[in-house]
Amino acid sequence: MEELLQFINKSKSMYHAVSNIKEILSEHGYQELKEQEEFHLVLGGKYFVTRNDSTIAAFELPEGQIHGFHIIAAHSDSPTFKVKENPEMKSEGYIRLNTEKYGGMIMNSWLDRPLSVAGRIALKENGKIITKLVDVDRDLLVIPSVAIHMNRDANSGMNYDASVDTVPLFAETPWSDGNHAQNICGKSTTEQPSFIGEVAKSAGVQADEILGHDLFLYVRQEGRVIGANSEYILSPKLDDLQCAFAAVQAMVNSKPENYINITTIFDNEEVGSGTRQGADSTFFDDLLTRIMESLGKNKSWLIQMIVDSFMISADNAHAVHPNHPEHADSNNRPYMNRGIVLKYHGGQKYTTDAYSAAVIKDLCGRAGVPYQVFTNKSNKIGGSTLGNISQAHVSIASADIGLPQLAMHSAVETGGVRDTEYAVKMFEEFYRE
């Protein structure tokens, strides 16, 4: 559990999550490949490739005959606020940051918390545009609530306007009375704070070197274990770094026999996956094609392999809420710490069918882990997943699973301590098969 929390605490953005996964893979002997270079693969080899710094695929080839692919897909991004270009907004003696929603978050969960910014910057080095990770690793921002005295309806339901209600406070504007008063940090309040300056300082570059940025807010609260019996996790980004972590751990702990094991962590799931690094891109199809070509095979071989392949689409699931159990289906009601959640949907928002469900149930049985079932209440609409989006590009038998949690898409979410271990065990069984 401590490893999961450390992984999430280090993964301040999707770029940091992928960087941390690269580090884990490299420590276990995986070789990095570049999309712009030719692949030279050998049987028994272990490799990974990234796209746009925020999507990664790791794969290991068996040493013997290949029967197909065993794939687990999860995602690296979580709902947050993205910093816009020219972000500083000055008014009423304050400097605020111009931000916009990224994904469908629970907006009031971001209020009155210490926040900061992480992501990547782009700059020119030796005549070439490069990207660099950045984390302003200190309590920098806050999104303040309106006092109850000024908004008596605050507890009666609030319609949040992202251009007004969730704009983060960065600094005060310089004083202009000529007194050169000192603020609590000992700096003259006539000095002009600079957001890009803060980012540049954290990245170890000059502000005028930054040519572009992808920066996101994150909550400064680190994950922890809570509960009377230490049975729950309270952490940002459980959706979906909990599944991503479990998949990577299973990958490095397993050795394939006759299937090519693949772990793919996609970006941009929270905003529809329609990017060049999302599940609705060519990334996964490109990867399988390049594996095929490097092994000296043809398209017919790849089609045959895909027919005998299987994908686990791993994205967290809704546990029954203790205060609002009425939101759960009457019969299919998952609970934290009670095992893998197998997700079904009549409209095929989830890819699970009779065959793929049987595969997952059999895997759980052989791994010795419990499973449970989730279906949306019939009057509620669920979102699409990595499984059904990627199916449009590579049609592989697939099941959607997740780990049960509360407060999905909150700035801080709650999950079960035992469920990560259940996922790792089941994924290892899948990769060993």
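Let's start at the largest pocket of this predicted model: β15 (317-318), β17 and β19 (404-406) each contribute at least two residues to its lining. The space in this pocket comes to about 750 Å³. Its lining counts 36 residues, and those nearest the centre are His318, Tyr350, Phe374, Asn376 and Met408.

From the pocket, we can follow β17 (371-375) to helix α7, since β17 is one of the elements that the buried residues of α7 pack against. The others are β14 (310-314), β16 (340-344), β18 (397-402) and α9 (419-432). Helix α7 runs over residues 354-367, and at 1.5 Å a residue its 14 residues should span 20 Å; the end C-alpha atoms are 20 Å apart, so the geometry agrees with the expectation.

Which residues of α7 are buried? They are Ser356, Ala357, Val359, Ile360, Leu363, Cys364 and Ala367. Because these residues cover an arc of only 155 degrees around the axis, they sit on the same side of α7. The spacing has a simple background: an α-helix has 3.6 residues a turn, so residues three or four places apart point the same way. On the other side of α7, Ala354, Tyr355 and Gly365 are exposed.

The two ends of this helix deserve a look as well. At the start of α7, a side-chain oxygen of Asp353 comes within 3.2 Å of the backbone nitrogen of Tyr355. Just after the helix, Gly368 adopts a positive phi of about 75 degrees.

Now move to helix α4 (residues 238-252), where the surroundings are another matter to explore. Its 15 residues should span 21 Å at 1.5 Å a residue, and the end C-alpha atoms are 21 Å apart, which agrees. Is α4 enclosed or exposed? Because 15 of the 15 residues of α4 are buried, the helix is largely enclosed by the rest of the structure. Asp240 lies in this helix, and the peptide bond leading from Asp239 to Asp240 is cis, with omega near 15 degrees.

That bond is worth a second glance on your screen, as are a few backbone angles. Most residues other than glycine have a negative phi, and most peptide bonds are trans. Glu92 has a positive phi of about 55 degrees although it is not a glycine. Glu92 belongs to the loop between β5 (80-91) and β6 (94-102), and with a relative accessible area of 73% it is exposed. Asn126, which is not a glycine either, also has a positive phi of about 55 degrees. Its place is the loop between β7 (115-125) and β8 (128-135), and a relative accessibility of 79% makes Asn126 exposed.

For a loop residue that is buried, turn to Ser273, whose relative accessibility is 0%. Ser273 is found in the loop between β13 (259-266) and α5 (283-294). Setting aside neighbours within four places in sequence, Ser273 makes contact with Asn268, Gly278, Ala279, Asp280, Ser281, Leu386 and Ile389.

Finally, what about enclosed space? Rolling a probe the size of a water molecule over the atoms shows where empty space is left. The structure holds one cavity of 30 Å³ or more, and the largest cavity contains about 40 Å³ of space. Among the residues that line it are Lys12, Ser13, Met14, Asp77, Phe216, Leu217 and Lys237.

Definitions and conventions:
Residues are numbered from 1 along each chain as its sequence is written. This is a predicted model: local features need pLDDT of at least 70, side-chain atom pairs count only at pLDDT 80 or more; totals for chains, interfaces and linings use all residues. Side-chain values use heavy atoms; hydrogens and water are left out. Helices (H or I, at least four residues) and strands (E, at least two) are DSSP runs, numbered from the N terminus. The expected span of a helix is 1.5 Å times one less than its number of residues. Buried means under 20% relative accessible area, exposed over 50%, partly exposed in between (1.4 Å probe, protein chains only). The arc is that of the directions from the helix axis to the C-beta atoms. Contact means heavy atoms within 4.5 Å. A polar contact is a pair of N or O atoms within 3.5 Å; within protein, one must be able to donate a hydrogen and the other to accept it, and residues adjacent in sequence count only if both atoms are side-chain atoms. On a 1 Å grid over the protein atoms alone, a cavity is a set of points where a 1.4 Å probe fits but cannot get out, and a pocket is an open set with protein on both sides within 12 Å along at least five of seven lines; lining residues have an atom within 4 Å of a point. Grid points are joined across faces, edges and corners, and a volume is the space filled by probe spheres set on the points.
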